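The following exercises invite the reader to examine a structure step by step. Each task is followed by a worked solution.

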Amino acid sequence: MTPVAAATPTGLDVEAVRRDFPALHQQVHGRPLVYLDNAATTQRPRQVIGEIVRFYEQDNANIHRGVHLLSERATKLYEGAREKVRAALNATLAREIIFVRGTTEAINLVAQTFGRANLGPGDEILVSAMEHHSDIVPWQMICQERGAALRVIPVDDRGDLILEELERLLSPRVKLAAVVHVSNALGTVNPIRQITALARAHGVPVLVDGAQAMAHMAVDVRELDVDFYAFSAHKMCGPTGVGVLYGKSHLLETMPPWQGGGDMIRSVTFEKTTYNTLPHRFEAGTPDIAGVIGLGAAIDYLHGIGLSRIAAHEDAVLAHGLAALSEIPGLRLIGTPRRRAGVISFVLDGIHPHDIGTILDREGIAIRTGHHCAQPVMQRFGIPATARASLALYSTREELDALARGLRRVLEVFA
Ligand code: PLP
């Protein structure tokens with residue numbers, strides 16, 4: 001592979017960025033690693049890894065309950081990370097930030113609390129046809145339990161949501177609409193502001209699955225006017241096992257607790273328990289303290305570089321990659337949305353995506369193949385699976401050229 005370009009026209013020094021990521025600098029099957037599976041999980045920079053190690057070496061203690069110095073330090077770091085998340089999302093209040101295990105748990109939390117409190121027979125939840133399973137199954141489960149129905153906002157042949165259909169589906173029966181910000185299967189960037197405006201006109205709250213957005217674009221929950229926003233740290237250069245549910249305080253205040261245990265209570269007797277205030281009411285038990293601090297470090301890292309600079313860089317690499325892939329005979333993109341983030345899903349005539357992935361792996365190129373936990377959208381496009389290359393801030397044009405070369409190799413093998 002040719003060396004990565006230094007200063008790009010977008011002002012991001014990708015070579016310097018790559019030096020921060022130790023995992024990128026290795027050989028795979030004797031070839032330099034080309035890591036294009038960032039939608040599954042990103043790599044972590046030294047700054048995040050180092051902060052987690054530093055915490056365990058110097059500050060490790062449980063939070064919120066100790067009077068000793070280490071516990072105070074750990075609590076300060078943990079709550080400091082909450083403030084970093086608040087600022088990153090431009091949320092009004094730190095108590096609107098709930099730490100959870102990830103996007104999946106955040107959505108389950110809303111389904112099990114807001115859903116259980118608000119859904120009854122005949123009520124409806126709207127989801128889009130391009131949702132990840134984690135934004136479908138929790139709603140199916142609670143709808144089934146409460147006698148409510150799940151309705152689907154369809155997508156068109158390009159992979160864009162059909163907003164007229166959303167308008168048609170909105171009614172007093174709808175208790176919540178759940179949509180993905182950026183589709184992990186198609187790359188579609190949904191027009192969240194338009195969606196929340198439509199929903200608001202019908203008094204319907206909106207939950208946005210931001211798993212694929214947070215590392216790639218600036219997200220302002222007030223500007224987007226979302227009611228709930230969910231994301232995972234590991235898809236934004238942070239650790240696994242940690243994520244965030246943002247919720248507007250007036251909604252979170254009315255939601256019953258979900259998991260019971262330590263930290264979420266104010267007082268407990270065998271007769272009666274009173275619950276803690278936000279955000280602790282939804283954070284039962286000892287959380288992943290080091291993980292939350294690592295998430296704070298990931299936010300510092302990404303915001304230190306600048307989300308708009310990252311977005312411009314990824315857009316440029318994406319455009320280069322799409323042009324390179326357009327020259328591969330028999331390659332068909334799945335999803336050609338009006339606005340796309342750095343996710344490229346494709347199929348090759350007559351070649352199973354798993355075979356593509358396996359041959360590319362031998363070339364040192366890591367991509368994802370399968371249904372990407374979005375089986376309904378695969379069914380919508382009449383395919384069982386795709387091959388998917390996905391970008392991050394450290395992705396380069398040269399890596400996309402390597403992908404195109406690898407795909408020509410796949411064609412040779414199957415010729
Ligand atoms: N939503 C989207 C759009 C995703 O891409 C993913 C993960 O791939 C998830 C939700 C689930 O995230 P997690 O497994 O971190 O909970």
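**Exercise 1.** In which pocket does the ligand sit?

*Solution.* The model examined here is predicted. The ligand sits in the largest pocket. The residues around the ligand are Thr103, Thr104, His132, Ser134, Val180, Asn184, Asp209, Ala211, Gln212, Ser232, His234 and Lys235.

**Exercise 2.** Sort the shell around the ligand by residue class.

*Solution.* Step one is to set apart the nonpolar residues, of which the shell has 2. Step two is to count the charged residues, and there are 2 of these as well. The polar class holds 8 residues.

**Exercise 3.** Determine which ligand atoms lie at a short list of polar side chains, using a cut-off of 3.5 Å between N or O atoms for a polar contact.

*Solution.* Begin with Asp209: a polar atom of its side chain lies 2.5 Å from a nitrogen atom of the ligand. Continue with Gln212, where an N or O atom of the side chain is 2.7 Å from an oxygen atom of the ligand. For His132, the distance from a side-chain N or O atom to an oxygen atom of the ligand is 3.4 Å. Finally, consider cover: on its own the ligand has 390 Å² of accessible area, and the protein covers 84% of it.

**Exercise 4.** How many aromatic pairs does the structure hold, and why does the pair of Phe114 and Phe228 tie together parts that are apart in sequence?

*Solution.* The structure holds 5 aromatic pairs. One of them joins Phe114 and Phe228, with 5.8 Å centre to centre and 70 degrees between the planes. Planes over 60 degrees apart count as edge-to-face, and the pair of Phe114 and Phe228 is edge-to-face. Phe114 belongs to helix α4 (residues 103-118) and Phe228 to strand β9 (residues 228-232), so the pair ties together parts that are 114 residues apart in sequence.

**Exercise 5.** Describe the backbone at Pro279 and at His64, and locate each residue.

*Solution.* Leu278 and Pro279 are joined by a cis peptide bond, with omega about -5 degrees. Pro279 is found in the loop between β12 (273-275) and α10 (289-305). His64 is not a glycine, yet its phi is positive, at about 65 degrees. The loop between α2 (46-59) and α3 (69-89) contains His64.

Notes
Residues are numbered from 1 along each chain as its sequence is written. This is a predicted model: local features need pLDDT of at least 70, side-chain atom pairs count only at pLDDT 80 or more; totals for chains, interfaces and linings use all residues. Side-chain values use heavy atoms; hydrogens and water are left out. A residue is near a molecule or strand if one of its heavy atoms lies within 4 Å of it. A polar contact is a pair of N or O atoms within 3.5 Å; within protein, one must be able to donate a hydrogen and the other to accept it, and residues adjacent in sequence count only if both atoms are side-chain atoms. Accessible areas come from the Shrake-Rupley method with a 1.4 Å probe; for residues, only the protein chains shown count as cover. On a 1 Å grid over the protein atoms alone, a cavity is a set of points where a 1.4 Å probe fits but cannot get out, and a pocket is an open set with protein on both sides within 12 Å along at least five of seven lines; lining residues have an atom within 4 Å of a point. A molecule sits in a cavity or pocket if more than half of its atoms lie within 2 Å of its grid points. Ala, Val, Leu, Ile, Met, Phe, Trp, Tyr, Cys and Pro count as nonpolar, Asp, Glu, Lys and Arg as charged, and the others, Gly among them, as polar. Rings of Phe, Tyr and Trp (its six-membered ring) pair if their centres lie within 6.5 Å; planes under 30 degrees apart count as stacked, over 60 as edge-to-face and the rest as tilted. Helices (H or I, at least four residues) and strands (E, at least two) are DSSP runs, numbered from the N terminus.
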